[in-house]
Every structure is written in structure tokens, then in C-alpha cells.
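With the model open in a viewer, please follow the selections below in order. Each stop names what to select and then describes what is found there.

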Amino acid sequence: MNHLLRTYTDVFLFLSFWQIIWFNLSALFIIITAGIAIYRIQLKAFRERNLDLRAKVEEYKELLEYADKAKALALESAAVVKRTNDLLISQISHQIRTSINGVIGMAGFLSETSLSSEQIESVNTIRKSSEMLLKSTDELIKNDFTKLPKNLLEATFQNQQKNSETKKIDKKKVTEDFCKKFPLTILIAEDDAINQQIIIKILNRLGYNPDRVNNGKEALEIVSEKNYDIILLDSVMPVMNGFEVTRMIRLCLDAQPIIIAMTASALEGDREKCLHAGMDDYMSKPVYVNELVSMLEKWAAIEKNNFVRT
């Protein structure tokens, strides 16, 4: 009996041991399977989120590229508008100031002839009215283009202030002896007949007989045949403007002349633009006698001291 009980107990214990092992293995398998399933679910969710994020990144990249293109287009449009405004202002200023230059210049010459007191008063009124018209025009341009970074009126007033010092003619200097003291060969490149006449009259009174041309192409043709000490060059001319003429002269000529820009524009930066193109100096119109005399004195002295262009 005891033997049978012991055998039964051993068998029970044996069976219980294997049942425990299988239970543990089953539990472990279930746990591993569940873990793998959960991992796969999380991995799938992660991949889906990753794809969603990538899609959003691509969308944001496209939006950013679109924004950059829109910004570049806006900057380009603003630049075009500014260039258009600057060109319009320059053209308006050039046309008006060129005409007024003729009125003021001729009135100045007329005032130095034999006139009655009544005629002198009339000439002075013409000059004063012309200068007031010039100032009023600049104020009108300023009011129409107030959004520009640098307005026309500020630059114009600076030129007027400078020119106001040269209105009173120094008759001691304006004589034919001037050309003997400063012998110069001079070329005038100017398309406006009235402005040509004014500058020629001033130079004639100084003893010079300048050559003249009406456009940039003629200027290049004549400088290829004759050497000039000074070229009075209008910046705005038909066929070829003064900036193009200057660049060609600087590239092609061995003997380099002094190039003095004459411009009816009064925009901020005009002087720098002229110098950048290769011109040596700058005069704004109207051109006054003393200003031109001072310019000739200045550059004649530099030429005399063996000026070498760098």
C-alpha cells in the first residue's frame, strides 16, 4: 500500500512539474506574442506618423519655396517701380531744367549788353521768374514722389545753393586772357542747340573756340581724329548717351581727356553715377559762368601738373 501511494505521489509530482513548465512556456509565449503584436502596432503607428510628418515637411518646403519666390518677385517688382520712378523723375527734370537753362543763360547774356533801366528790370524779372519756376517744379516733383528714398528736391536745393554762389560774374576772370593763362582744346557734346549756344558764348568770352557735336556717336568720331584736353559732355543725348561715350573713350583712346559731365538731372547719386562711369567731374544745369570758369581753372591746373589717370 505504501509502495503504491509513493508511486502515485511520484507520478503526480512528475506530472505537476511538466504542467508547470508548459504553463510557464505558454505564458512566456503569450507574453512574447503580445509584445511582438504591440511592437508591430506601435511600429506601424510610428511609420504612419513618420510618413505624415514627411508629407507635412514637403508641404512646408513647398510653401517656403513659394514664399521665397513671392518675396523675390516682390523685390524685383519694387526695384522695377523704383527704376521707373527714377527714370521718370530724371526725364522730367532733364526736360524742364534744360529749357529753363536756356532762359536763364540767355537772360544773363542779355543783361550784360547795353540796356535801358526798364529793359534791365525786365531781364532781371525773367531770370527771377525762371528760377522760381525751377524751384516750383522741383517742389511739384517732390510732392508727387514722396515715397522715394532720396527725393529730388533735396539734391536740387543743394545744386541751387552751390550755383547761387556763382551767379555773380567775376568780370576780372571772364576775359579773353583766360585762354592764354589756361590753354585748352575743348569739345562740347550737347544735343540741345540753346545749351550749346550758351556754353559756346561763355567759352568765346574766355578766348576759346570749342568744337561741338550733337550726339554721342559724333563725339566718338571726332575724338578719334583729334585730341582734346577737356570734353564737356551731356549725359543724356540721342544715338549714344554720355555714359556710353565715356566708357568707350576710356577703353579706346591712348591720350585721355578730362571729361566733365553736364546734366539737367538733379537726382541724388547723379554725381557718383558719373564718376563711376569714368567721368572726372560733374556740373548740373543751368550752367553758370563762374562755375564753368572754376571748373576749367581746376582741371587746367591739374593738367599742367602732369595729371596721370589711374
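Begin by selecting aspartate 192 together with asparagine 195: aspartate 192 caps the N-terminal end of helix α5, with a side-chain oxygen 2.9 Å from the backbone nitrogen of asparagine 195. The model in view is a predicted one.

Extend the selection to the whole of α5, residues 193–205. This helix has 13 residues and spans 18 Å from its first C-alpha to its last, close to the 18 Å expected at 1.5 Å a residue. Which residues of α5 are buried? They are Asn195, Gln196, Ile198, Ile199, Ile200, Ile202 and Leu203. Asparagine 195 thus appears twice at this stop, as the residue whose backbone nitrogen faces the cap and as one of the buried residues of the helix. After α5 comes glycine 207, with a positive phi near 100°.

**The whole chain**

Now show the full protein as a cartoon. Its secondary structure comprises nine helices and five strands, and the order along the sequence is α-α-α-α-β-α-β-α-β-α-β-α-β-α. Of its 310 residues, 34% count as buried. Among contacts with a separation of 6 or more, 69% join residues 24 or more positions apart. The exposed area is about 19,900 Å², of which carbon and sulfur atoms supply 59%.

**Aspartate 234 and its surroundings**

Select aspartate 234, which belongs to strand β3 (residues 230–234). Is this residue buried or exposed? Its relative accessibility is 0%, so aspartate 234 counts as buried. Its side chain reaches the backbone nitrogen of valine 236 at 3.5 Å. To display its surroundings, leave aside neighbours within four places in sequence; aspartate 234 is then in contact with His94, Ala189, Glu190, Asp191, Gly242, Met262, Thr263 and Lys285.

Continue to valine 239, in the loop between β3 and α7. The phi of valine 239 is near 70°, a positive value in a residue other than glycine. Most residues other than glycine have a negative phi. Valine 239 counts as exposed because its relative accessible area is 63%, above the 50% cut-off.

**Salt bridges**

Six salt bridges are present in the structure, and three of them are visited here. Side chains of opposite charge can pair when their charged atoms come close.

Select aspartate 280 and arginine 250, whose side chains meet in a salt bridge at 2.8 Å, N to O. Aspartate 280 lies in the loop between α8 (270–277) and β5 (281–284), whereas arginine 250 is in helix α7, so the pair ties together parts that are 30 residues apart in sequence. Both aspartate 280 and arginine 250 are buried.

Next, select aspartate 211 and lysine 226, a salt bridge whose closest N and O atoms are 2.8 Å apart. This pair links distant parts of the chain, with aspartate 211 in strand β2 (residues 211–213) and lysine 226 in the loop between α6 (216–223) and β3, 15 residues apart. Aspartate 211 is partly exposed, at 23% relative accessible area, and lysine 226 is partly exposed at 39%.

For the third pair, select lysine 56 and aspartate 52, where the closest N and O atoms of the salt bridge are 3.7 Å apart. Both residues lie in helix α1, four residues apart, about one turn of the helix. An α-helix has 3.6 residues a turn, so residues three or four places apart point the same way. Lysine 56 counts as partly exposed at 38% relative accessibility, and aspartate 52 is partly exposed at 39%.

**A nonpolar surface patch**

Switch to a surface view and select Leu25, Leu28, Ile32 and Ile36, which form a nonpolar patch with about 350 Å² of accessible area together. One of these residues, isoleucine 36, is found in helix α1 (residues 2–111). Isoleucine 36 is partly exposed, with a relative accessible area of 40%.

**Last stop: leucine 253**

Finally, select leucine 253, in the loop between α7 (242–252) and β4 (258–263). Leucine 253 is partly exposed, with a relative accessible area of 23%. What separates its C-alpha atom from that of asparagine 227, 26 residues apart along the chain? The two C-alpha atoms are separated by 9.3 Å.

How values were computed. Residues numbered from 1 in each chain as written. Predicted model: local features only at pLDDT ≥ 70, side-chain atom pairs only at ≥ 80, totals over all residues. Heavy atoms only, no water. Helix = DSSP H or I, 4+ residues; strand = E, 2+ residues; numbered from the N terminus. Buried < 20%, exposed > 50% of the residue type's maximum accessible area, 1.4 Å probe, protein only. Polar contact = N/O pair within 3.5 Å; in protein donor to acceptor, adjacent residues only side chain to side chain. Contact = heavy atoms within 4.5 Å. Patch = residues over 30% accessible without salt bridge, like charges linked within 9 Å, V, L, I, M, F, W, Y side chains within 5 Å. Areas by Shrake-Rupley, 256 points an atom, 1.4 Å probe, with all protein chains shown as cover. Salt bridge = Lys/Arg side-chain N within 4 Å of Asp/Glu carboxyl O. Expected span 1.5 Å × (residues − 1).
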